[in-house]
Amino acid sequence: MNYKHRKVLIIISILLLISLSCNLPFNLFGDKDEKPQSLDSDPATEEQSPQIIIVEQTTPEPKPVSFQEGFGSLDSYKFKVLIETSSSDGSLTIMDQYVESSVIDEKNHSITKTTSREAGELESYTDTMETYNIGTVTCSYSDGYWEYSEKSSYEKELMDIFSQMVDFVPIIDNPVFIGEETINGIQTNHFQFSVSGIGSKSGAVATFNQGEYFLAVDGQYLVRYKLELMVQSAPETDPDAEVYGMLIYFDLNDVNVPIALEQPAECVPMDNEDW
């Protein structure tokens, strides 16, 4: 089970790396059916009808734009992703990813840390991968050394086209508007939701099911997203029921704050004779 979880998180991590290369409206209506004054009437003594003002409030659009569209509209940003799965058998998988991107310069830097623990084991294992993409150059750090690679302009163009086909919109189910809040210096609309349909086919029971997210008022992109689930494979009365937990957390900050990203000094092309 844990192996499957780890494969899923690795795939999500790769796709995310590819994918990441105000007031409510209102209407005022005045009373247009005013009674005309007669020529011999006295305006000072005539009783005036009170003006009726109707304020119509509408719920903000709850659907976010995709990561590609939202982040692609920014000059720069920093983004944190945390995905954690756990099981009552003791297995655990955590993917903790940090991304900083200067979109206008086509530069980004990411650090991905994956922690896993097998069922019944006490010791956890952690793997860390760091990557710089500077134009056509990619520098990857793993096992204590930097690896340099470079794409041609043609290859980069194809990769950019491919990345447009890989995108994400996280789970959002029947959201409820809570209100406006400022998150990480960005004016947002706050929504809450819970995931429906859990156990409709398997008989599983959700003992905790809570999600929330914040959408930028200007741009409709995700600023923060959090989903927590605790699911039992069977009702509590079943002594063999397994318990699975999941946490998904996204956080966007430092939007349009300039980021200086440079190729690490240790990341250089290797001569053929070094192989």
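Asp-143 is found in the loop between β5 and β6 of this predicted model. Its phi is near 55°, a positive value in a residue other than glycine. Asp-143 is exposed, with a relative accessible area of 70%.

Asp-254 also has a positive phi without being glycine, near 50°. Asp-254 lies in the segment after β11. With a relative accessible area of 31%, Asp-254 is partly exposed. A further positive phi, about 55°, belongs to Glu-106. Glu-106 sits in the turn of the hairpin formed by β2 and β3.

**The sheet**

What is the strand order of the open sheet? Eleven strands follow one another as β6-β5-β4-β3-β2-β1-β11-β10-β9-β8-β7. The pairing is antiparallel. Strands β6 (145–150) and β7 stand at the edges. Each has a single partner strand, so one side of each is left without a neighbour in the sheet. Neighbouring strands are turned by 15° against each other on average, direction ignored. In general, strands of a sheet pair through backbone hydrogen bonds, either parallel or antiparallel.

Now to single strand pairs. The table lists three of them.

| Strand pair | Bridges | Sense |
|---|---|---|
| β2 (residues 92–102) and β3 | eleven | antiparallel |
| β3 and β4 (residues 125–134) | ten | antiparallel |
| β4 and β5 (residues 137–142) | five | antiparallel |

Start with β2 and β3. Four residues lie between them in the hairpin. Across this pair, Thr-93 has Ser-116 in β3 as its bridge partner.

On to β3 and β4. Here His-109 stands opposite Tyr-132 in β4.

Next come β4 and β5. Ile-134 faces Val-137 of β5, standing opposite it.

Why is β3 described as largely enclosed by the rest of the structure? Strand β3 covers residues 107–117, and eight of its eleven residues are buried, so the rest of the structure largely encloses it. Buried here means under 20% relative accessible area.

**Aromatic contacts**

How many aromatic pairs does the structure hold? The count is 13. One of them joins Phe-177 and Phe-191. This pair is tilted, with 5.5 Å centre to centre and 55° between the planes. Phe-177 lies in strand β7 (residues 176–183), and Phe-191 in strand β8 (residues 186–193). The two are 14 residues apart in sequence, so the pair ties together parts separated by that stretch of chain.

Are these two rings buried or exposed? Phe-191 is buried, with a relative accessible area of 1%. Phe-177 counts as partly exposed, at 24% relative accessibility. The cut-off for burial is under 20%, so Phe-177 does not count as buried.

Phe-191 also pairs with Tyr-213. This pair is stacked: the centres are 5.2 Å apart and the planes differ by 15°. Phe-191 is in strand β8 and Tyr-213 in strand β9 (residues 205–216). The pair links distant parts of the chain, 22 residues apart. Tyr-213 is buried, as is Phe-191.

Phe-177, Phe-191 and Tyr-213 belong to one aromatic cluster. Its other members are Phe-67, Phe-71, Tyr-77, Phe-79, Phe-193, Tyr-225 and Phe-250.

**A surface patch**

Which residues form the nonpolar patch on the surface? They are Tyr-154, Leu-158 and Ile-161. Together they have about 320 Å² of accessible area. Ile-161 lies in helix α3 (residues 153–163). Ile-161 is partly exposed, with a relative accessible area of 46%.

**The β10–β11 loop**

Ala-241 has its place in the loop between β10 (222–232) and β11 (243–253). At 21% relative accessibility, Ala-241 counts as partly exposed. The limit for burial is under 20%, so Ala-241 falls outside the buried class. Ala-241 and Val-231 are ten residues apart in sequence. In space, their C-alpha atoms are 9.8 Å apart.

Methods
Residues are numbered from 1 along each chain as its sequence is written. This is a predicted model: local features need pLDDT of at least 70, side-chain atom pairs count only at pLDDT 80 or more; totals for chains, interfaces and linings use all residues. Side-chain values use heavy atoms; hydrogens and water are left out. Buried means under 20% relative accessible area, exposed over 50%, partly exposed in between (1.4 Å probe, protein chains only). Two strands pair if DSSP finds at least two bridges between them. Rings of Phe, Tyr and Trp (its six-membered ring) pair if their centres lie within 6.5 Å; planes under 30 degrees apart count as stacked, over 60 as edge-to-face and the rest as tilted. Patches are made of residues with over 30% relative accessible area and no salt bridge: like charges are joined within 9 Å, nonpolar side chains (Val, Leu, Ile, Met, Phe, Trp, Tyr) within 5 Å. Accessible areas come from the Shrake-Rupley method with a 1.4 Å probe; for residues, only the protein chains shown count as cover. A salt bridge is a side-chain nitrogen of Lys or Arg within 4 Å of a carboxyl oxygen of Asp or Glu. Axes are lines fitted to C-alpha atoms, for helices over the stretch in contact, and angles run from 0 to 180 degrees between N-to-C directions.
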